[in-house]
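Got the sequence and the 3D view open? Here's a quick briefing to read alongside them, topic by topic.

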Amino acid sequence: MIAAQRTGAILKQIHRLIGGVGIKMVQKVKGEGKKRIVAVLPPGDDDSPEVLNSVKRGLGLREWLEGMGHEYIVTAEKDPGTDFDKLLPSTDIVITTPFWPAYLTKDRLLKAKQLELSLTAGVGSDHVDLHTAAQKGITVAEVTGCNVESVAESEVMRILLLVRNFVEGYRQAVDGEWNIPKLTKDAYDLKGKTVGTVAAGRIGCHVIKRLKEFGVNLLYYGRHRKPKAEELGAKFQPDLNKFLAECDVITINCPLTDKTRQMFDKETIGKMKKGSWLVNNARGAICDPPAVVDALKSGQLRGLPYP
Ligand SMILES: NC(=O)C1=CN([C@@H]2O[C@H](COP(=O)(O)OP(=O)(O)OC[C@H]3O[C@@H](n4cnc5c(N)ncnc54)[C@H](O)[C@@H]3O)[C@@H](O)[C@H]2O)C=CC1
């Protein structure tokens, strides 16, 4: 769910992006500016003013869009054969979110005869067939940088929860158990560990900045050097095999693409340090689930948080 503090930034950029397309389209069709905008959002009937990411609240865009004469339809139905497929051929703009994505597959995009813009209310466009979208001249936009603070805080939290073995302590407290050896067996100091990020983009750099204060050795792996990450104290390791072997904690902060899909499979995980931790902050499909399960069972991975 979009945290309250980042909703404002997301909405500001959505206004800018839709506004931009609106102006272009009005010019193109000479005054016929009325557009059909379909938002696919999670179901939910929470009335709190700060919860905008739901069908009920429609990201808080209804008044603004309808005030400009556009038609605004909000649905939670995103699966094949549901409302979304029926609406798509006559839709100009689709808005969707990474945690309740309406997949814009090749088949769907070919049927979306008048689609001009696919807008992610968040970061990541892996739910869109980018090749087909590019061929059809559909703009694919996301709200870059809108949630870096929230995501980096949550990521550092998950690293600490894992390395300090918090969940076992919590479980013991709830179950009325007091088994100190069992708790401390897998509880470590983060200080002195080597923590590496796959990709040092916006989120990766925010994580590096926060982790620096914990006295860790920081590494980053990626396709290019990132001066900002180095200014923050992280060293570049361009060799993936060396990166995997050096890190105690690996955190994944790259987009899901053809190159990163299942990047963390049996072979890759097998090259990590035995008993290391893996924090996949990006998209589930970057890891191969059976390989992760096997590695957790064998102790190759000490822990992996979900989500
Ligand atoms: N868990 C969550 O709540 C969220 C997760 N995300 C995920 O995090 C990803 C990164 O977000 P940002 O840092 O804002 O994006 P960004 O665009 O600022 O950074 C992405 C970085 O990934 C690097 N990269 C691309 N392909 C790569 C590859 N094959 N190998 C290594 N590095 C590669 C790029 O060079 C870039 O530095 C998003 O694409 C999204 O999937 C984003 C927001 C929220």
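Let's start with helix H6, which covers residues 148-163, 16 residues in total. From its first C-alpha to its last it reaches 22 Å, close to the 22 Å expected at 1.5 Å a residue. Keep in mind that this is a predicted model.

**Helix H6 and what comes after**

- Plenty of H6 is tucked away: Val-148, Ser-150, Val-151, Ala-152, Glu-155, Val-156, Arg-158, Ile-159, Leu-162 and Val-163 are buried.
- After H6 comes Asn-165, which has a positive phi, near 55 degrees.

**Salt bridges within a helix**

- How many salt bridges does a search of the whole structure find? The count is 16.
- In one of them, the side chains of Asp-107 and Lys-111 meet at 3.3 Å, N to O.
- Both Asp-107 and Lys-111 sit in helix H4 (residues 106-111), four residues apart, or about one turn of the helix.
- Here's the handy background: an α-helix has 3.6 residues a turn, so residues three or four places apart point the same way.
- Asp-107 counts as partly exposed because its relative accessibility is 48%, which falls between the 20% and 50% cut-offs.
- Lys-111 is partly exposed too, with a relative accessible area of 48%.
- Another salt bridge brings together the side chains of Arg-171 and Asp-175, at 2.9 Å from N to O.
- Arg-171 and Asp-175 are separated by about one helical turn because they are four residues apart in helix H7 (residues 166-175).
- That pair belongs to a wider group: salt bridges that share partners join Glu-168, Arg-171, Asp-175 and Glu-177 into one network.
- As for exposure, Arg-171 is partly exposed at 26% relative accessible area, and Asp-175 is partly exposed at 49%.

**A salt bridge between strands**

- Glu-71 pairs up with Arg-36 in a salt bridge, and their closest N and O atoms are 3.0 Å apart.
- This pair links distant parts of the chain: Glu-71 is in strand E2 (residues 71-75) and Arg-36 is in strand E1 (residues 36-40), 35 residues apart.
- Glu-71 is partly exposed, with a relative accessible area of 28%.

**A positive patch on the surface**

- Which residues gather in a patch of positive charge on the surface? They're Arg-202, Arg-223, Lys-226 and Lys-259.
- You'll find Arg-223 in the loop between strand E7 (217-221) and helix H10 (227-231).
- Is Arg-223 buried or exposed? Arg-223 counts as exposed because its relative accessibility is 73%, and the cut-off for exposed is over 50%.

Conventions. Residues are numbered from 1 along each chain as its sequence is written. This is a predicted model: local features need pLDDT of at least 70, side-chain atom pairs count only at pLDDT 80 or more; totals for chains, interfaces and linings use all residues. Side-chain values use heavy atoms; hydrogens and water are left out. Patches are made of residues with over 30% relative accessible area and no salt bridge: like charges are joined within 9 Å, nonpolar side chains (Val, Leu, Ile, Met, Phe, Trp, Tyr) within 5 Å. Accessible areas come from the Shrake-Rupley method with a 1.4 Å probe; for residues, only the protein chains shown count as cover. A salt bridge is a side-chain nitrogen of Lys or Arg within 4 Å of a carboxyl oxygen of Asp or Glu. Lys and Arg count as positive and Asp and Glu as negative; His and the chain ends are not counted. The place of a charge is taken as NZ of Lys, CZ of Arg, CG of Asp or CD of Glu. Helices (H or I, at least four residues) and strands (E, at least two) are DSSP runs, numbered from the N terminus. Buried means under 20% relative accessible area, exposed over 50%, partly exposed in between (1.4 Å probe, protein chains only). The expected span of a helix is 1.5 Å times one less than its number of residues.
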